[in-house]
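Open the model in your viewer and keep the selection tool handy. We will walk through it one stop at a time.

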Amino acid sequence: MNAHHIEFIRKAIKLAQHNMRQGHGGPFAAIIVKDGIEIASGCNSVTTNNDPTAHAEVMAIRNACEKLSTWKLEGCDLYTSCEPCPMCLSAAYWAGVSKIWFSAKSEDACFAGFDDSHIYQEIAKPANQRKIDMSVLLPTEGKALLNEWVNMPNKIEY
């Protein structure tokens, strides 16, 4: 195990601990690293910002993308104090993060009151069987919008 990996995961844990002890949010922090250099970090601020998306990993990704002036974090590693929830994992995939290093497992988070297993279960279900009611409206217009995107010559590909 590379000493840098240990250094960054310990830093994420200490950052989470500080965030939690200062009353700024839950016990979670994350750091984005590229080529062994810390690019950005983020802490959980769900309750302080009244923002359910303000998870540590999402905040770190936002901060890194802003700093690097890009929406792609290819070649970057994500160090996080806990295994990412479904939203944060999705954000890491969308950002193109190369590797995720985490300390506590999702089972540990569940024990501490942060259970996201129901979200994984819901995602696996067809849309019409999920607990949040989902309905399709104007599917032809929605598809036309996507077709317009497909045919745009000067679009920036994701």
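What volume does the second largest pocket have? This is a predicted model, and in it the second largest pocket has a volume of about 210 Å³.

**Stop 1: the second largest pocket**

Select Ile-13, Ala-16, Pro-27, Phe-28, Ser-81, Cys-82, Ser-103, Ala-104, Asp-108, Ala-109, Ala-112 and Phe-114, and you have the residues that line this pocket. Now colour the chain by element: H1, S3, S4 and H5 each supply at least two residues of this lining. By class, the lining has nine nonpolar, two polar and one charged residues.

**Stop 2: the largest pocket**

Next, move to the largest pocket, which holds about 360 Å³ of space. It is lined by 22 residues, and those closest to its centre are Phe-28, His-55, Cys-85, Phe-114 and Asp-116. Two or more lining residues come from each of H2, H3, H4, helix H5 (106-111) and helix H6 (117-124). Which element gives the most to this lining? Highlight H4, which gives the most, with three residues. If you colour the lining by class, you will find twelve nonpolar, six polar and four charged residues.

**Stop 3: strand S3 and its partners**

Select residues 76-82, which make up strand S3. Is this strand mostly covered or mostly uncovered? Mostly covered: seven of its seven residues are buried.

Now add residues 29-34, strand S1, which runs antiparallel to S3 and is joined to it by five bridges. Then add residues 99-104, strand S4: five bridges join S3 to S4 as well, and these two run parallel.

Click on Asp-77 in S3 to see a residue with a partner in each of these strands. Val-33 stands opposite Asp-77, and in S4 the bridge partner of Asp-77 is Lys-99. To follow the chain from S3 to S4, trace it through helix H4 (residues 86-95); this β-α-β crossover is right-handed.

**Stop 4: the salt bridges**

Side chains of opposite charge can pair when their charged atoms come close. How many salt bridges does a search of the whole structure find? It finds four, and we will visit some of them.

Begin with Glu-38 and Lys-11, whose closest N and O atoms are 2.5 Å apart. This pair links distant parts of the chain, with Glu-38 in strand S2 (residues 37-43) and Lys-11 in helix H1 (residues 3-21), 27 residues apart. Glu-38 has a relative accessibility of 26%, so it counts as partly exposed. Lys-11 is also partly exposed, because its relative accessible area is 42%.

Next, select Asp-51 and Arg-62, whose side chains meet in a salt bridge at 4.0 Å, N to O. Asp-51 lies in the loop between helix H2 (46-49) and helix H3 (56-68), while Arg-62 is in helix H3, so the pair ties together parts that are eleven residues apart in sequence. Arg-62 counts as partly exposed, at 39% relative accessibility.

Finish with Lys-125 and Glu-122, whose side chains meet in a salt bridge at 2.8 Å, N to O. Is Glu-122 buried or exposed? With a relative accessible area of 13%, Glu-122 is buried, because buried means under 20%. Its partner Lys-125, at 30% relative accessibility, counts as partly exposed.

Key: Residues are numbered from 1 along each chain as its sequence is written. This is a predicted model: local features need pLDDT of at least 70, side-chain atom pairs count only at pLDDT 80 or more; totals for chains, interfaces and linings use all residues. Side-chain values use heavy atoms; hydrogens and water are left out. Helices (H or I, at least four residues) and strands (E, at least two) are DSSP runs, numbered from the N terminus. Buried means under 20% relative accessible area, exposed over 50%, partly exposed in between (1.4 Å probe, protein chains only). Two strands pair if DSSP finds at least two bridges between them. A crossover is right-handed if, with the strands pointing away from the viewer, the path from the first strand over the helix to the second runs clockwise. On a 1 Å grid over the protein atoms alone, a cavity is a set of points where a 1.4 Å probe fits but cannot get out, and a pocket is an open set with protein on both sides within 12 Å along at least five of seven lines; lining residues have an atom within 4 Å of a point. Grid points are joined across faces, edges and corners, and a volume is the space filled by probe spheres set on the points. Ala, Val, Leu, Ile, Met, Phe, Trp, Tyr, Cys and Pro count as nonpolar, Asp, Glu, Lys and Arg as charged, and the others, Gly among them, as polar.
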